[in-house]
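Work through the exercises below with the model in view. Try each task before reading its solution.

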Amino acid sequence: MSTIASHLDAVLSRIAQATADAARPAGSVQLLAVSKTFGPDAVREAIAAGQRAFGENYVQEALDKIAALAGETVDGKPLEWHFIGPLQSNKTRPVAEHFAWVHSVDRLKIAERLSAQRPAGMPPLQVCLQVNISGEATKSGVLPAEVPGTARAIAALPNLTLRGLMAIPEPEDDPVRQRAPLRAMRELFDALRADGLALDTLSMGMSGDLEAAIAEGATMVRIGTAIFGARDYGSHA
């Protein structure tokens with residue numbers, strides 16, 4: 001078993017244990033393997049171990065990787081690419097054309113551009129509204145008070161399907177303190193669903209807080225370091 005395969009197995013075990021500990025149904029949390037800064041060979045190792053969904057933060061790097069891995073499949077299905085990084089207005093077209101999901105829709109303008117630029121004949125682009133749940137000045141995302149109105153506006157756009165919410169809470173080592181912003185996200189999510197929006201995705205939880213995220217209702221965790229190892233950001237400085 002390769003190193004990446006063994007890491008992937010360990011992460012899947014963590015997810016399964018956290019899901020059971022939270023008394024949630026087995027298989028109710030999806031793993032998104034965050035492959036940013038790692039090349040096609042690393043992704044191929046994860047594919048060989050059965051991982052199909054991958055998250056990317058940098059548009060050009062992702063496009064190169066998508067092209068290099070175009071023929072790869074898992075159980076006969078093509079790879080599923082999720083864009084999870086900050087998205088500038090001038091980069092929306094290639095994302096609309098090449099990705100299945102965008103987690104980092106942080107304002108209505110971005111959603112409108114993605115909707116307009118999604119090619120005819122492709123299925124709707126699956127999107128999440130990014131929430132700045134910790135109120136950090138340097139973090140993207142709408143503030144919690146803006147979520148209901150923005151979510152409704154995005155849900156009304158053609159060529160997109162609003163699946164849910166995404167957040168990157170402020171890093172916190174203490175497991176108890178980790179849960180507060182994650183709980184706030186779940187409450188926002190539940191309120192939108194109670195108000196009639198057909199949402200099913202709560203994208204939150206990374207290598208350091210996946211257990212807390214699953215305990216608070218995450219349906220998709222975004223894990224990179226625990227699978228691929230430490231990143232070298234040299235080319236993205």
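**Exercise 1. Sort the lining of the second largest pocket by residue class, then place the pocket.**

Step 1. The lining divides into 11 nonpolar, two polar and four charged residues. Here Ala, Val, Leu, Ile, Met, Phe, Trp, Tyr, Cys and Pro count as nonpolar, Asp, Glu, Lys and Arg as charged, and the others, Gly among them, as polar.

Step 2. The second largest pocket is lined by 17 residues. Leu-79, Glu-80, Trp-81, His-98 and Ala-100 lie nearest its centre. A pocket is an open set of points on a 1 Å grid over the protein atoms alone, where a 1.4 Å probe fits, with protein on both sides within 12 Å along at least five of seven lines; lining residues have an atom within 4 Å of a point.

Step 3. The volume is about 300 Å³. That is the space filled by probe spheres set on the points, which are joined across faces, edges and corners.

A note on the source: this is a predicted model, in which local features need pLDDT of at least 70 and side-chain atom pairs count only at pLDDT 80 or more, while totals for chains, interfaces and linings use all residues. Residues are numbered from 1 along each chain as its sequence is written, and side-chain values use heavy atoms, with hydrogens and water left out.

**Exercise 2. Describe the largest pocket in the same way.**

Step 1. Its volume is about 390 Å³.

Step 2. Its lining has 21 residues. Lys-36, Asn-57, Ile-168, Met-206 and Tyr-233 lie nearest the centre.

Step 3. By class, the lining holds eight nonpolar, nine polar and four charged residues.

**Exercise 3. Is Glu-56 buried or exposed, and which side chain does it join in a polar contact?**

Step 1. Find Glu-56 in strand β2, residues 53–56. Strands (E, at least two residues) and helices (H or I, at least four) are DSSP runs, numbered from the N terminus.

Step 2. Glu-56 is buried, because its relative accessibility is 0%. Buried means under 20% relative accessible area, exposed over 50%, partly exposed in between (1.4 Å probe, protein chains only).

Step 3. The side chains of Glu-56 and Lys-65 form a polar contact of 2.8 Å. Such a contact is a pair of N or O atoms within 3.5 Å; within protein, one must be able to donate a hydrogen and the other to accept it, and residues adjacent in sequence count only if both atoms are side-chain atoms.

Step 4. Lys-65 is also one of the buried residues of helix α3 (59–68). The buried residues of α3 pack against α2, β2, β5 (80–83) and α4 (92–98).

Step 5. Beyond four places in sequence, Glu-56 has contacts (heavy atoms within 4.5 Å). Among the partners are Ser-35, Trp-81 and Phe-99.

**Exercise 4. Where are the residues with positive phi, Thr-37 and Asp-75?**

Step 1. Recall the background: most residues other than glycine have a negative phi.

Step 2. Thr-37 has a phi of about 70 degrees. It sits in the loop between β1 (30–34) and α2 (40–48). Thr-37 is partly exposed, because its relative accessibility is 21%.

Step 3. Asp-75 has a phi near 55 degrees. Its loop runs between β3 (73–74) and β4 (77–78). Asp-75 is exposed, because its relative accessible area is 77%.
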